[in-house]
Amino acid sequence: MIDRFLTYLRCELNYSEHTVRAYGSDLNMLADFLTGGKPEEFDPASVTLGDLRAWIAHQGEKKLSARTLRRRTLAARTFFHYLRLTGLIERNPAADLSLPRLPQPLPVFIRDAELERILSPEAFDTEDFREFRDKLIIELLYGTGMRRAELLSLLDRDLDTVTGEVKITGKRNKQRIVPLGPRLCAHIDRYRCLRLRKFPDTGCEAFLLSEKGEEMNNSTLSSVVKIQLASTSSARKTPHVLRHSFATAMLQGDARLDSVKELLGHSSLATTQIYTHLSFSELQHNYQHAHPRASKK
């Protein structure tokens with residue numbers, strides 16, 4: 001049943017492969033727990049709400065992060081909901097299973113002045129493929145707000161520098177179009193020239209290539225971003241920080257919230273609204289430090 005459910009997530013709901021694997025691992029753990037180490041005897045029809053709560057409590061004893069605990073709870077809820085919808089069980093024991101709350105810290109972002117230093121015109125004045133590619137990675141993440149997985153999955157044909165737009169495939173294979181600025185388009189064209197010079201015979205369709213002419217992986221991308229952001233004051237130096245920086249810059253530049261939502265590929269406006277709190281926090285910080293009466297009581 002678990003395998004059938006995972007196929008449903010992958011083919012019907014277009015869940016990402018990462019999520020499908022994570023749910024599969026979570027549900028196999030559940031089956032192992034409920035059968036005392038004999039998952040082949042797992043019978044979803046016999047599972048009760050008490051069983052599920054006992055499993056969640058057991059997971060909590062492992063000192064897992066709130067995000068991991070929430071995902072495992074959600075995996076169970078989604079699984080039993082699927083079984084109920086398809087008639088494989090008569091009742092859903094997970095219907096009243098509560099999801100653990102996640103903490104809501106403000107996103108970390110990098111100040112525009114620091115990124116402009118990294119992405120200065122002089123930074124792109126190089127004939128070295130790797131150096132130019134690494135700067136372009138930062139510019140793409142900051143200039144479009146893409147997630148790391150979205151950038152890594154970009155195909156060469158997804159970026160059109162004539163019309164100035166990029167087609168991004170996000171979560172659940174949902175696609176969106178994001179504009180590209182003139183300077184970014186020029187840098188993309190230059191990167192393609194350097195890439196062709198270095199790898200004239202590569203048949204790889206991916207936009208970003210490693211130094212071996214192969215599709216870039218997550219580890220390499222993370223390393224590139226960490227090195228490129230080393231000079232910034234940000235405590236975190238990851239691709240997602242640049243996504244936060246994009247959203248913050250847009251809202252501080254008076255972009256409409258619904259427009260930023262579409263550019264980021266958020267399914268809910270509530271997800272985007274956290275950046276309005278971040279923008280206000282920045283304004284409040286500036287006020288406290290600049291206004292002569294801000295600290296008077």
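This is a short chat about two helix pairs and one pocket in a predicted model.

Visitor: Hi! At what angle do α2 and α4 pack?
Guide: Helix α2 (residues 17-34) and helix α4 (residues 66-85) meet at about 85°, and their axes are 9 Å apart. The two are therefore roughly perpendicular to each other.

Visitor: Which residues of α2 and α4 make the contact?
Guide: From α2 you have Ala22, Tyr23, Asp26, Leu27, Met29 and Leu30. On the α4 side, Arg71, Arg72, Leu74, Ala75, Ala76, Thr78, Phe79 and Phe80 take part. Sorted by class, that contact has 10 nonpolar, one polar and three charged residues.

Visitor: OK, switching pairs. How do the axes of α10 and α11 cross?
Guide: Helix α10 (residues 239-252) and helix α11 (residues 257-264) have axes that come within 10 Å and cross at roughly 155°. Angles over 145 degrees count as roughly antiparallel, so that is how α10 and α11 run relative to each other.

Visitor: Is their crossing left-handed or right-handed?
Guide: Right-handed. Arg243, Phe246, Ala247, Met250 and Leu251 of α10 touch Leu257, Val260, Leu263 and Leu264 of α11. The classes here are eight nonpolar, no polar and one charged.

Visitor: Now pockets. What volume does the second largest one have?
Guide: About 270 Å³. It is lined by 16 residues, and Glu139, Tyr142, Gly143, Gly181 and Leu184 lie nearest its centre.

Visitor: Which elements each supply at least two residues of that lining?
Guide: They are α5 (112-118), α6 (129-144), β3 (175-179), α8 (182-198) and, back again, α10. By class, the lining has 10 nonpolar, two polar and four charged residues.

Notes
Residues are numbered from 1 along each chain as its sequence is written. This is a predicted model: local features need pLDDT of at least 70, side-chain atom pairs count only at pLDDT 80 or more; totals for chains, interfaces and linings use all residues. Side-chain values use heavy atoms; hydrogens and water are left out. Axes are lines fitted to C-alpha atoms, for helices over the stretch in contact, and angles run from 0 to 180 degrees between N-to-C directions. Helices (H or I, at least four residues) and strands (E, at least two) are DSSP runs, numbered from the N terminus. Angles under 35 degrees count as roughly parallel, over 145 as roughly antiparallel, 65 to 115 as roughly perpendicular and the rest as oblique. A crossing is left-handed if the near helix is turned anticlockwise from the far one by less than a right angle, and right-handed if clockwise. Contact means heavy atoms within 4.5 Å. Ala, Val, Leu, Ile, Met, Phe, Trp, Tyr, Cys and Pro count as nonpolar, Asp, Glu, Lys and Arg as charged, and the others, Gly among them, as polar. On a 1 Å grid over the protein atoms alone, a cavity is a set of points where a 1.4 Å probe fits but cannot get out, and a pocket is an open set with protein on both sides within 12 Å along at least five of seven lines; lining residues have an atom within 4 Å of a point. Grid points are joined across faces, edges and corners, and a volume is the space filled by probe spheres set on the points.
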